[in-house]
Amino acid sequence: MTATAPNAAPTADALLHDLFQAALTAVTAETRLPAALPQPPKGRTVVIGAGKAAAAMAKTVENHWPGPLTGLVVTRYDHDLPTERIEVVQASHPVPDAAGQEAARRIVDMVQGLTADDLVLCLISGGGSALLALPAPGITLEDKRAVAKALLKSGADIGEMNCVRKHLSAVKGGRLAAMAHPARVVSLLVSDVPGDDPSVIASGPTVPDPTSFADARAILAKYGITPPPAVAAFLEAAKDETPKPGDPRLAGAETTIIATPQDALEAAAALARDRGYTPVILGDAIEGESREVAKVHAGIARQAARHGQPAPVPAVILSGGETTVTVRGQGRGGRNVEFLLALAVALDGHPGISAAAFDTDGIDGTEDNAGAILRPDTLKRAEALGLDAKAFLANNDGYSFFKALGDLVVTGPTRTNVNDFRVIVIDRA
């Protein structure tokens with residue numbers, strides 16, 4: 001983890017970085033997955049999967065599996081790891097590409113023709129929706145790409161986006177598990193969604209889907225998205241609905257969430273307590289516009305600094321979940337740097353308050369940083385460089401703002417993903 005930090009406050013900076021590292025370590029595949037592995041079957045073991053943690057999960061399975069296995073997982077470009085028996089394919093995220101489509105097609109072939117003596121071990125983590133990209137019949141990859149781009153800019157939350165994705169897919173929303181029937185399907189999930197709903201994580205390829213075509217149409221209408229004609233016709237026809245709860249093809253499917261945002265927050269809270277800070281976890285499922293969430297966090301931080309509520313100073317405020325950004329400007333952003341920029345404006349250089357916000361996969365939006373650091377002197381240093389924080393915020397350009405200050409944090413791919421990790425450190429001014 002690297003960051004250029006002129007005029008840094010070493011104690012607060014070190015604590016922010018250490019808290020993030022503790023959170024990451026708590027939700028890695030090697031930490032969480034081995035204890036959740038099922039017993040080997042009488043027949044074959046086929047490992048499949050998708051997501052930003054897929055390569056790390058596959059490698060961990062290889063390291064701990066006592067019998068033979070084969071398989072394929074798909075992960076984001078630059079998130080691969082060397083494996084011996086499980087093939088790792090790289091594809092595009094957050095907008096799908098042909099590599100993800102071909103990987104999904106190969107995974108479908110692998111689960112065909114299995115018996116009740118066989119095991120399908122499915123390794124799922126955030127990002128799987130874009131990476132496992134096999135369009136429903138009559139829809140092209142370009143159609144899916146167009147809808148994905150529109151949803152990403154719309155401000156739709158992850159549940160809404162994945163509802164639409166499920167109804168444009170040949171494999172999501174429980175369809176993949178239905179294809180594997182009658183094999184035993186065991187899914188191990190790393191959750192990146194507020195509420196840890198298995199049907200939302202990577203659009204639930206092995207989990208029954210409670211949403212409908214009507215829901216998908218309503219979401220596009222809500223955000224004023226006009227889909228390509230083929231997509232509109234497909235959603236309107238509403239044929240071949242996703243498998244619902246009670247579908248006999250999914251009756252024997254088993255799902256275990258092995259790592260969650262709460263796990264990361266609790267690990268960070270434990271470290272904060274060890275360092276003499278009172279930790280407060282605001283929630284692991286906080287959603288909403290990044291800049292609005294930032295205003296609420298700023299208010300809580302000010303209350304702690306002034307009145308010792310909800311915790312006495314020194315304190316650490318932690319939160320997780322997934323905020324959204326409705327893109328109106330032309331800047332380079334990401335929801336975590338957007339949060340921090342709005343937090344900077346709201347705190348207005350309040351003494352003794354530092355903060356950081358990261359995406360736990362190491363990639364904030366589509367940029368090369370995990371997030372950034374905010375210090376009490378951030379706005380003062382920005383003003384000295386002629387940077388107007390409010391103007392950058394209006395242009396959704398948090399990346400450029402923190403880059404100019406040297407305060408971006410670049411970790412590279414972490415190969416795990418429990419979504420946003422936000423931390424505010426409140427010291428005695």
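# Notes on cavities, helix packing and backbone details

1. Let's start with the enclosed space: the count comes to three cavities of 30 Å³ or more. Please keep in mind while reading that this is a predicted model.

2. The largest cavity has a volume of about 100 Å³. Its lining consists of Pro94, Pro96, Ser129, Ala130, Lys144, Val147, Ala148, Leu151, Val164, Arg165, Leu168 and Lys172. By class, eight of these are nonpolar, one is polar and three are charged. If you would like to select the elements around this cavity, α5 (128-131), α6 and α7 each supply at least two lining residues. Which of the helices gives the most to this lining? That is α6, with four residues.

3. The second largest cavity has a volume of about 50 Å³. Around it you will find Ala344, Leu347, Gly349, His350, Ile353, Leu374, Arg375, Pro376, Thr378 and Leu379. Two or more of the lining residues come from each of α13 and α14 (378-384). The lining divides by class into six nonpolar, three polar and one charged.

4. Now for the open space. The largest pocket holds about 930 Å³. It is lined by 43 residues, and Pro94, Leu152, Arg335, Gly365 and Thr366 lie nearest its centre. How do those lining residues divide by class? There are 14 nonpolar, 18 polar and 11 charged residues. Both α6 (141-154) and α7 (158-166) supply at least two residues to the pocket lining, and these two helices each give at least two residues to the largest cavity as well. Pro94 is worth a click too, as it is among the residues nearest the pocket centre and is also part of the lining of the largest cavity.

5. Pro94 comes up again in the backbone: the peptide bond leading to it from His93 is cis, with omega near 10°. You can find Pro94 in the loop between β3 (86-91) and α4 (98-110). A second cis peptide bond runs from Val313 to Pro314, with omega near 5°. Pro314 sits in the loop between α12 and β8 (315-321).

6. One more backbone point for your checklist is Asp78, which has a positive phi of about 75° although it is not a glycine. Asp78 is placed in the loop between β2 (70-76) and β3.

7. On to the helix pairs. Two packed helices are described by the angle between their axes and the distance between the axes. For helix α12 (residues 290-307) and helix α13 (residues 335-347), the axes come within 8 Å and cross at roughly 45°. The two helices are therefore oblique to each other, and α12 passes α13 in a right-handed crossing. On the α12 side, the contact is made by Ser290, Arg291, Val293, Ala294, His297, Ala298, Ala301 and Arg302. Their partners in α13 are Arg335, Glu338, Phe339, Ala342, Leu343, Ala346 and Leu347. The contact residues divide into nine nonpolar, two polar and four charged. Two of the names have already appeared: Arg335 is among the residues nearest the centre of the largest pocket, and Leu347 is part of the lining of the second largest cavity.

8. Helix α13 has another partner in helix α16 (residues 398-405), and these two pack at an angle of about 70°, with their axes 8 Å apart. Are they oblique or perpendicular? The angle makes α13 roughly perpendicular to α16. Val337, Leu340 and Leu341 of α13 make this contact with Gly398, Tyr399, Phe401 and Phe402 of α16. By class, the contact has six nonpolar residues, one polar and no charged.

9. The last pair is helix α9 (residues 213-222) with helix α10 (residues 229-237), whose axes come within 8 Å and cross at roughly 140°. Why do they count as oblique? Angles over 145 degrees count as roughly antiparallel, so at roughly 140° α9 and α10 are oblique to each other. Their crossing is left-handed. Phe213, Ala216, Arg217 and Leu220 of α9 meet Phe234, Leu235 and Glu236 of α10. Five of these contact residues are nonpolar, none is polar and two are charged.

Methods. Residues are numbered from 1 along each chain as its sequence is written. This is a predicted model: local features need pLDDT of at least 70, side-chain atom pairs count only at pLDDT 80 or more; totals for chains, interfaces and linings use all residues. Side-chain values use heavy atoms; hydrogens and water are left out. On a 1 Å grid over the protein atoms alone, a cavity is a set of points where a 1.4 Å probe fits but cannot get out, and a pocket is an open set with protein on both sides within 12 Å along at least five of seven lines; lining residues have an atom within 4 Å of a point. Grid points are joined across faces, edges and corners, and a volume is the space filled by probe spheres set on the points. Ala, Val, Leu, Ile, Met, Phe, Trp, Tyr, Cys and Pro count as nonpolar, Asp, Glu, Lys and Arg as charged, and the others, Gly among them, as polar. Axes are lines fitted to C-alpha atoms, for helices over the stretch in contact, and angles run from 0 to 180 degrees between N-to-C directions. Angles under 35 degrees count as roughly parallel, over 145 as roughly antiparallel, 65 to 115 as roughly perpendicular and the rest as oblique. A crossing is left-handed if the near helix is turned anticlockwise from the far one by less than a right angle, and right-handed if clockwise. Contact means heavy atoms within 4.5 Å.
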